[in-house]
Each structure stands twice: as structure tokens, then as C-alpha cells.
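Q: Please take a close look at the surroundings of the ligand in this predicted model. Which residues form the shell, what contacts are made there, and how are the contributing elements arranged?

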Amino acid sequence: MPRSPDRRRPATPLRAAGAGTPTPDAPTTDAPVLKPGTEIKAERPRMWKVVLLNDDFTPREFVSAVLRAVFRLTEDQAHRVMITAHRRGVCVVAVFTRDVAETKADAATEAGKAAGYPLRFVTEPEE
Ligand code: TYC
């Protein structure tokens, strides 16, 4: 599925002064130039939640089995997540980088679809 770029991240990485030699065809005007020796700290990538949604049709045992297979939860963890979604409507399964969260949510949703169930997992950014 196509997705839009994350606009909250700066498009241009920070460069320290002297880190690269400007060339005539490489504009440097919008690249922040830092004093030599300035410490550059990388930000941690934003993390994404995988959220399990309740429905009225998917059998509980099937939900737990998918949680174990796709998210590597133990039997006890899978049961707790499943029963929380069943009672409250939603439950956070785990948190990953965006790509991993989307891949796992899609795989888990597809496992339900392949078995004829409306089971759904969605992703959302943390914070
Ligand atoms: N509510 C479902 C039932 O009663 C079980 C279920 C639990 C389905 C959690 C989805 O995310 C879910 N069979």
C-alpha cells in the first residue's frame, strides 16, 4: 500500500561545516552549517504501535494463534492481548519501527482474511 512521506522529519540531514566539499551543482544554502566540533545527535526513529481491533466473529483461539505466530507472543501474552481487545475494543500488541509494524499488521490481518474472518490489525504512531 502506498504511503506518504513522514513530514515531521527534516528532509535534509544536518551537516557539520567542512564535512563535505560543496560542488557547483550541489546547492548548500538550505543545509544547516554547524561549527566544527559541534556534536550531532541522531534522533531515534519514531515508533509505531500495532493495535488489535475487536470484532464479533473471529474465534478467540484464532486471534491468540495469530498473535503467537506473527508477533511471537507467548500463549499467556497472546491470551491477555486477545482478551483485552475483546473486552475493551482495542489493545496495543507491540511497538516497532514503521516498516516492521506495517508488515506485521498486514500479515496478521491477511491471516484472518485468508481464514474468512474480519480480524484487523492497524498501525499508529507513538505520541
Ligand atoms: N470478540 C471475538 C469473539 O467473541 C473474539 C475476538 C477477540 C475477536 C479479540 C477479535 O481482536 C479480537 N469471538
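A: In this predicted model, the residues of the shell around the ligand divide into six nonpolar, three polar and two charged. The residues concerned are L52, L53, N54, D55, T58, R60, V63, M82, A85, H86 and L119.

Turning to the polar contacts, the backbone of L53 contributes an N or O atom that lies 2.8 Å from an oxygen atom of the ligand, while N54 places a polar side-chain atom 2.8 Å from a nitrogen atom of the ligand. The side chain of H86 also takes part, with an N or O atom that is 2.9 Å from a nitrogen atom of the ligand. As for cover, the ligand taken alone exposes 350 Å², and the protein buries 89% of that area.

With regard to secondary structure, at least two residues of the shell are supplied by each of β3, which spans 48–53, α1, which spans 60–71, and α2, which spans 75–88. Of the elements that contribute, α2 provides the largest share of the shell, namely three residues.

The two helices that take part in the shell, α1 and α2, also pack against each other at an angle of about 125°, their axes being 9 Å apart. That angle falls outside the range of 65 to 115 degrees counted as roughly perpendicular and is not over 145, so α1 is oblique to α2. The crossing in which α1 passes α2 is right-handed.

Methods: Residues are numbered from 1 along each chain as its sequence is written. This is a predicted model: local features need pLDDT of at least 70, side-chain atom pairs count only at pLDDT 80 or more; totals for chains, interfaces and linings use all residues. Side-chain values use heavy atoms; hydrogens and water are left out. A residue is near a molecule or strand if one of its heavy atoms lies within 4 Å of it. A polar contact is a pair of N or O atoms within 3.5 Å; within protein, one must be able to donate a hydrogen and the other to accept it, and residues adjacent in sequence count only if both atoms are side-chain atoms. Accessible areas come from the Shrake-Rupley method with a 1.4 Å probe; for residues, only the protein chains shown count as cover. Helices (H or I, at least four residues) and strands (E, at least two) are DSSP runs, numbered from the N terminus. Ala, Val, Leu, Ile, Met, Phe, Trp, Tyr, Cys and Pro count as nonpolar, Asp, Glu, Lys and Arg as charged, and the others, Gly among them, as polar. Axes are lines fitted to C-alpha atoms, for helices over the stretch in contact, and angles run from 0 to 180 degrees between N-to-C directions. Angles under 35 degrees count as roughly parallel, over 145 as roughly antiparallel, 65 to 115 as roughly perpendicular and the rest as oblique. A crossing is left-handed if the near helix is turned anticlockwise from the far one by less than a right angle, and right-handed if clockwise.
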